[in-house]
Amino acid sequence: MSAPSAGAPAVAPQRRRMAAARRFARSRSAVVGAVGLATLAVMALLAPIVAPFDPAAQGGEPLLGPSGTYWLGTDQLGRDIVSRMIHGARGSLLVAAGAAAVGAGIGVPLGLVAGYLGRWADAVAMRVVDLLLAVPGILLALVIIAVLGPGRLNLILAIGIGAIPEFARLTRVATLEVRERDFVLAARGMGASTPDTMTRTVLPNVLGPVMVQFVITASMAVVIEAGLSFLGLGTPPPAPSWGGMLQDARSYLYQSPTYGLFPGICLAATVFFLERIGRGLQLAVGGGGPRAARGIGRGAV
Amino acid sequence: MSISPRQSRLISRRALLRTGLAVTGALAAAPLLGACGSGSDAGTSGGAGAGKLTLGTTKIMQFDPYLTNTDIHIHAFYTYLVDYPTDGTYKAIPAGAEKWEFAADHASVTLTLREAKFHSGAAVSAADVVAGIKRAQNPDTAFTLAQPSAFIAAATAVDDRTVRVDFKAPTPEALVIDWMFAFPLIPADKNIPKQLEHEPAGSGAFRLGEFQRNQRLTLTKNPDFYDAGKPYLDEVEYRFFTDEDALVAALESGSVDGAAYIGFRHSERLKDRFTLVKGSGRMTLFFMNATIPPFDNKLLRQALARAIDRERIIKQVNFGIGDPIYTAFMPPSPAFDPAYLDSHGFDLDAAAAMLERSGGARKATAGVASGSPSVEALQIIQADLKKIGFELEIAPQEEAAYLEALFASKLQCTVAAQPNNLQSPSLIARGRQMLPGKENTTFREKVPPAYVEAVAAAGSALTPEDQKAAYAALNKVLAEESWAIGISTQPSLFALDQRITGLATDPRDFVTLINTKA
């Protein structure tokens with residue numbers, strides 16, 4: 001038997017990536033999600049330029065309806081709702097991406113080590129994961145916020161820590177499957193060290209499902225962030241957040257019925273876009289048809 | 001028109017559903033109609049036995065009157081030595097004490113107790129009052145009453161129904177009457193904090209029927225209440241809600257007759273369908289912790305005090321309800337001085353100049369209970385402070401964590417409520433942030449001596465002239481030290497079914513149900 005060529009594993013992932021990208025692009029709903037999310041992200045990035053007013057400026061009369069000056073009206077302190085929604089997108093997307101990154105940043109190495117090394121490393125890592133799984137995500141986030149105090153960074157940590165188990169378990173399962181594949185055995189046979197094999201050979205081949213999980217986690221983080229802000233434990237005032245706006249709007253439903261409508265739409269749209277992307281990615285990396293992708297993202301929605 | 005078999009099935013299901021709903025409605029309406037009948041009967045019979053009232057509340061219940069001065073409904077179980085009218089005035093009405101007589105030198109008062117019975121059936125006696133005073137003077141077992149009882153030197157039972165209370169020094173009558181208003185009658189053998197925590201033991205208009213913590217509390221009419229014929233209601237049930245919106249929804253759906261202590265935000269929505277009752281309420285103040293920089297700088301505190309836009313806070317946070325205040329005295333208080341609202345009121349230019357002169361750091365963090373109206377008040381203050389170059393961060397916390405930090409003196413500043421100081425300005429020193437000793441959570445051991453002296457003077461001034469001077473001096477030191485800046489009064493709000501009459505609050509903001517009819 002001839003040894004596999006050194007270039008083979010490098011070429012295969014590249015081809016797979018191209019094929020996955022083509023499959024993603026063929027999914028119309030995934031493209032809708034990607035375009036929608038990109039629009040939101042651009043809006044969030046350019047918030048200081050795009051937003052007509054300073055989101056904290058209490059310049060208008062309180063609870064004005066939509067008008068030429070204030071397109072969606074003003075809130076209870078006379079702040080422009082459009083500007084607060086645009087700046088709120090920043091917070092929501094930042095927390096979503098940050099929390100998913102924290103979850104993946106800790107969960108993926110944990111799952112990789114557990115799946116690849118097995119035995120005691122697997123047992124220890126999985127017990128840690130079990131411990132985290134024993135506490136509901138929102139409760140864990142509430143406790144962490146209570147200890148660390150409110151703030152965007154603490155929100156990211158609180159939600160991200162709750163997302164570690166999913167990443168760890170997913171990566172472990174994928175690693176268990178990949179570690180017995182020929183190209184991994186070949187890499188080991190060629191003398192690659194364990195850390196090298198794990199990071200350069202196994203990891204790139206488990207990233208597909210991790211990417212899907214990343215998107216699902218991000219959509220859940222948007223919802224949890226809004227929930228914590230709704231409870232007053234999210235982004236501290238006067239920084240806007242969609243959840244915080246919904247909470248404020250609840251108090252003025254009678255005086256300004258449209259106030260809570262727009263942050264609610266933004267929140268729903270963001271989760272919808274992320275869910276579409278998640279389904280598209282599942283389709284792309286899994287290679288299955290739309291039917292296979294249907295189960296993805298339901299938890300988040 | 002022909003009907004398909006499928007349509008036929010649908011129709012029969014609809015008919016079934018309709019019948020089911022009608023039966024359910026009839027079953028639900030029967031007791032409701034019965035209850036209405038009971039209410040109207042009561043109305044025609046002059047109020048005797050006027051039925052049952054169900055009130056919803058989000059407040060936590062606590063039965064020990066020595067340990068709370070907040071809006072928790074303990075009042076109905078107890079008789080106090082005197083009552084005040086619910087119109088906001090301070091004309092003492094005999095209650096547990098039938099009469100009282102001050103010594104000519106204002107060094108003692110002799111109380112004659114009314115012939116009355118506790119809920120247990122035992123007679124109210126002078127020994128119970130003496131035991132109560134002993135407990136009241138211990139801050140560890142009677143936080144609420146310790147400071148108002150501080151003027152008392154000794155209490156003696158002259159006979160079964162007569163008590164002589166000796167003062168440490170000549171004391172103004174108003175302060176003694178305020179103390180009598182706050183002093184509950186409790187049998188000596190049951191005046192134990194651990195016992196009262198679970199089971200009230202008074203001689204008030206209502207007895208404890210049933211109590212399921214966090215679910216419901218039932219009060220039943222006390223047939224032995226001293227005021228014959230009262231209360232009018234046979235039973236009052238409090239139902240506990242964890243969420244104010246759920247409480248208001250329960251009111252709108254008719255599952256409770258009234259919603260107690262609700263936020264102003266509901267007033268607009270409920271005003272046309274329910275009777276809105278404004279209680280005497282409390283005050284909101286902006287507190288700055290003088291033990292933590294930058295608020296250890298008096299000039300900086302004075303500067304920030306000028307940056308509080310009371311009118312806007314009342315309009316936008318309180319929905320226009322309440323009056324502006326400067327020092328911690330509400331309008332009926334003899335120490336309330338509206339002139340401070342002009343001389344020390346909102347003026348950002350003056351605030352900026354003083355801030356510049358203070359040379360203090362320009363950043364602080366305000367602690368606040370998340371979801372409370374104080375968050376919005378702080379945002380208004382924050383926006384104004386930003387205009388003069390002071391950065392105020394707001395850190396909302398879960399309520400229990402916030403209170404713990406507040407009482408442990410760990411917050412730099414906050415907006416918090418204070419109870420009404422009644423007709424004795426020296427009672428300002430009841431609050432934890434206002435205590436005259438090292439327990440003061442905003443000064444600790446550095447309580448300004450001028451404040452301690454001013455409180456003592458206000459609590460000992462006997463003539464109207466001396467009182468006027470003492471109250472002016474107290475206001476002056478409060479304005480000078482500027483750690484507790486009044487924002488506004490904050491009346492409590494009740495929304496009641498329009499059939500309910502006679503529900504009010506006393507000057508402490510406790511619900512008074514004695515004259516309530518439903």
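Reader: In this predicted model, what is the handedness of the crossing in which H6(A) passes H7(A)?

Author: The crossing of H6(A) with H7(A) is right-handed. In general, two packed helices are described by the angle between their axes and the distance between the axes. Here, helix H6 (residues 137–148) of chain A packs on helix H7 (residues 152–178) of chain A at an angle of about 145°, and the axes are 8 Å apart.

Reader: Which residues of H6(A) and H7(A) make that contact?

Author: H6(A) brings A:Gly137, A:Leu140, A:Ala141, A:Ile144, A:Ile145 and A:Leu148, while H7(A) brings A:Asn154, A:Leu157, A:Ala158, A:Ile159, A:Ile161 and A:Gly162. By class, that gives nine nonpolar, three polar and no charged residues.

Reader: Let's try another pair. At what angle do the axes of H4 and H9 of chain A cross?

Author: Helix H4 (residues 81–117) and helix H9 (residues 194–230) of chain A cross at roughly 145°, and their axes come within 8 Å. H4(A) passes H9(A) in a right-handed crossing. The contact of H4(A) with H9(A) has 17 nonpolar residues, three polar ones and one charged one. Among the residues that meet are A:Ala96, A:Ala100 and A:Gly103 from H4(A), with A:Val210, A:Phe214 and A:Glu225 from H9(A).

Reader: Stepping back, how many helices and strands are there in chain A?

Author: Chain A has 12 helices and zero strands. Its C-alpha atoms fill a box of roughly 80 × 45 × 30 Å along the principal axes. Of its 301 residues, 47% are buried. Take the contacts in chain A with a separation of 6 or more: residues 24 or more positions apart account for 69% of them.

Reader: Now a single helix. Which residues of H2(A) are buried?

Author: Start with the general idea: an α-helix has 3.6 residues a turn, so residues three or four places apart point the same way. In H2(A), the buried residues are A:Ala30, A:Gly33, A:Leu37 and A:Leu40. Looking down the axis of H2(A), these fall within an arc of 95°, so they line one face of the helix. A:Arg28, A:Val35, A:Ala38 and A:Val42 are exposed on the other side of H2(A).

Reader: How far apart are the end C-alpha atoms of H2(A)?

Author: They are 25 Å apart, and that agrees with the 26 Å that its 18 residues (28–45) should span at 1.5 Å a residue.

Reader: Over to chain B. Which residues of H14(B) are buried?

Author: B:Tyr451, B:Ala454, B:Val455 and B:Ala458 are the buried ones in H14(B). The reading is done down the axis again: they fall within an arc of 100°, so they line one face of the helix. What covers the buried residues of H14(B) includes helix H15 (464–481) of chain B.

Reader: Where is B:Ala429?

Author: B:Ala429 sits in the loop between strand S16 (413–418) and helix H14 (449–458) of chain B. With 25 C-beta neighbours inside 10 Å, B:Ala429 counts as buried. Beyond its neighbours within four places in sequence, B:Ala429 is in contact with B:Gln147, B:Met434, B:Leu435, B:Pro436 and B:Val455. B:Val455 is also one of the buried residues of H14(B).

Reader: What about backbone oddities: which peptide bond from A:Pro237 is cis?

Author: The one from A:Pro237 to A:Pro238, with omega near 10°. A:Pro238 lies in the loop between H9 and helix H10 (242–251) of chain A. In chain B, a cis peptide bond joins B:Lys230 and B:Pro231, with omega about 0°. B:Pro231 is in the loop between strand S9 (216–221) and strand S10 (235–240) of chain B.

Reader: Is B:Tyr261 buried or exposed?

Author: B:Tyr261 is buried, with 23 other C-beta atoms within 10 Å. Phi of B:Tyr261 is near 55°, a positive value in a residue other than glycine. B:His106 also has a positive phi, about 60°, and is not a glycine. With 16 C-beta neighbours inside 10 Å, B:His106 counts as partly exposed.

Reader: Last one: how many residues does each chain give to the contact between chain A and chain B?

Author: Chain B gives 18 residues and chain A gives 18 residues. On the side of chain B that touches chain A, the largest share, six residues, comes from H12(B). The residues of that side divide into seven nonpolar, five polar and six charged.

Technical notes. Residues numbered from 1 in each chain as written. Chains lettered and ligands numbered in written order. Predicted model: local features only at pLDDT ≥ 70, side-chain atom pairs only at ≥ 80, totals over all residues. Contact = placed C-beta atoms within 7 Å. Helix = DSSP H or I, 4+ residues; strand = E, 2+ residues; numbered from the N terminus. Nonpolar A, V, L, I, M, F, W, Y, C, P; charged D, E, K, R; others polar. Axes fitted to C-alpha atoms, helices over the stretch in contact; angles between N-to-C directions. Left-handed = near helix turned anticlockwise from the far one by under 90°. Expected span 1.5 Å × (residues − 1). Buried ≥ 20, exposed ≤ 12 C-beta atoms within 10 Å, placed from the backbone. Arc of directions from axis to C-beta.
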